[in-house]
Amino acid sequence: NAIWLWGQGHAPQMPTLSERFGLTGAVVSAVDLVRGLGRYAGLEPLDVPGMTGWLDTNYAGKVAAALSALAPGRLVYLHVEAPDEASHGGSLENKVKAIEDFDRLVVGPVIDGLPKGARVLAVTDHYTPLSIKTHSDEPVPYALWGEGVKPSGAAGFSEREAAAGPLIDPGHQLLER
């Protein structure tokens, strides 16, 4: 009994990662928006069976796809949506599980499987506090790990530690750093 005319906009105009940095690569995400932005950036969207945006996603498959796409001069964007979705739902239990799963099933295996000379950048695209169940616009923290990266002195990667920085502001300049 209704029609929703959505998407009357136009395709974004943006330089690819190849044009900006000489990089090619891939994107691994269950979120269509992220896959589409990756495609616009010149990244190849990789399909992973069982890939969802929730706690039941195929973490091992996503990690395997990301690691297999790595090579010198290639960037792989591996996106995990579960912590964000748990926050939208207002569930502390699910958010803690999503973060623990991300650490155990993604961060550890990615670092263990990296080729020599590769680096890992862990970053959130935005905060989604449980208290408001929606996105907020404060600058977000990031962690960079790999050869030649100097330690920041942080004791860990938590919201409390992250508040001390480094923070991304504005976010679009992170890759230039």
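**Strands, helix packing and charged pairs in a predicted model**

Strand β1 is largely enclosed by the rest of the structure, because four of its five residues are buried. The model described here is a predicted one. Two strands flank this element in the pairing scheme. With β3, strand β1 runs parallel and is joined by five bridges; within this pairing, T24 stands opposite R74 of β3. With β2, the direction is again parallel, and three bridges make the connection; here V27 faces P45 of β2. Strands of a sheet pair through backbone hydrogen bonds, in either the parallel or the antiparallel sense.

Strand β1 also takes part in covering a helix. Helix α3 spans residues 59-69, and its buried residues are Y59, G61, K62, V63, A65, A66 and A69. The cover over these buried positions includes β1 (24-28) and β3 (74-78), together with the helices α4 (82-88) and α5 (92-113).

The loop that leads from β2 (43-45) to α3 contains G53. This glycine has a relative accessible area of 23% and is therefore partly exposed, since the buried class ends at 20%. Beyond its neighbours within four places in sequence, G53 is in contact with A30, E81, A82 and E85. For the last of these, E85, the C-alpha atom lies 7.6 Å from that of G53, although the two residues are 32 positions apart along the chain.

Helix α4 also holds D84. Which side chain of opposite charge is nearest to this buried residue? It is K95, at 7.8 Å, and D84 has no salt bridge. The cut-off for a salt bridge is 4 Å between a side-chain nitrogen of Lys or Arg and a carboxyl oxygen of Asp or Glu. When residues up to four places away in sequence are set aside, D84 touches H126, T128 and H135.

A second set of strands forms an open sheet of three, in the order β4-β5-β6, with antiparallel pairing. Strands β4 and β6 (167-168) occupy the edges, each with a single partner strand, so one side of each has no neighbour in the sheet. Between β4 and β5 the antiparallel pairing extends over five bridges, and V123 stands opposite Y142 of β5. Strand β5, which covers residues 140-146, is joined to β6 by two bridges, also antiparallel. In that pairing V140 is placed opposite I168 of β6.

Residues of this region also contribute to the surface. A nonpolar patch is formed by F21, L121, V123, L144 and L175, with about 370 Å² of accessible area together. One of these residues, L121, belongs to strand β4, residues 119-123. Its relative accessibility is 35%, so L121 counts as partly exposed.

The charged residues complete the picture. Side chains of opposite charge can pair when their charged atoms come close. How many salt bridges does a search of the whole structure find? The search finds five. One of them joins D47 and R35, with an N to O distance of 2.7 Å. This pair links distant parts of the chain, 12 residues apart: D47 is in the loop between β2 and α3, whereas R35 is in helix α2 (residues 32-40). The two partners differ in their surroundings: D47 is exposed, because its relative accessible area is 65%, while R35 counts as buried at 16% relative accessibility.

Another salt bridge lies within helix α5. D101 and R104 pair with their closest N and O atoms 3.1 Å apart. Because they are three residues apart in α5, about one helical turn separates D101 from R104. D101 counts as buried, at 4% relative accessibility, whereas R104 is exposed, at 54% relative accessible area.

A further pair consists of E147 and K116, whose closest N and O atoms are 3.3 Å apart. Here too, distant parts of the chain are linked, over 31 residues: E147 is in the loop between β5 and α6 (159-162), and K116 is in the loop between α5 and β4. E147 counts as partly exposed at 46% relative accessibility, and K116 counts as exposed at 76%. Salt bridges that share partners also join K97, D101 and R104 into one network.

How values were computed. Residues are numbered from 1 along each chain as its sequence is written. This is a predicted model: local features need pLDDT of at least 70, side-chain atom pairs count only at pLDDT 80 or more; totals for chains, interfaces and linings use all residues. Side-chain values use heavy atoms; hydrogens and water are left out. Patches are made of residues with over 30% relative accessible area and no salt bridge: like charges are joined within 9 Å, nonpolar side chains (Val, Leu, Ile, Met, Phe, Trp, Tyr) within 5 Å. Accessible areas come from the Shrake-Rupley method with a 1.4 Å probe; for residues, only the protein chains shown count as cover. Buried means under 20% relative accessible area, exposed over 50%, partly exposed in between (1.4 Å probe, protein chains only). Contact means heavy atoms within 4.5 Å. Lys and Arg count as positive and Asp and Glu as negative; His and the chain ends are not counted. Two strands pair if DSSP finds at least two bridges between them.
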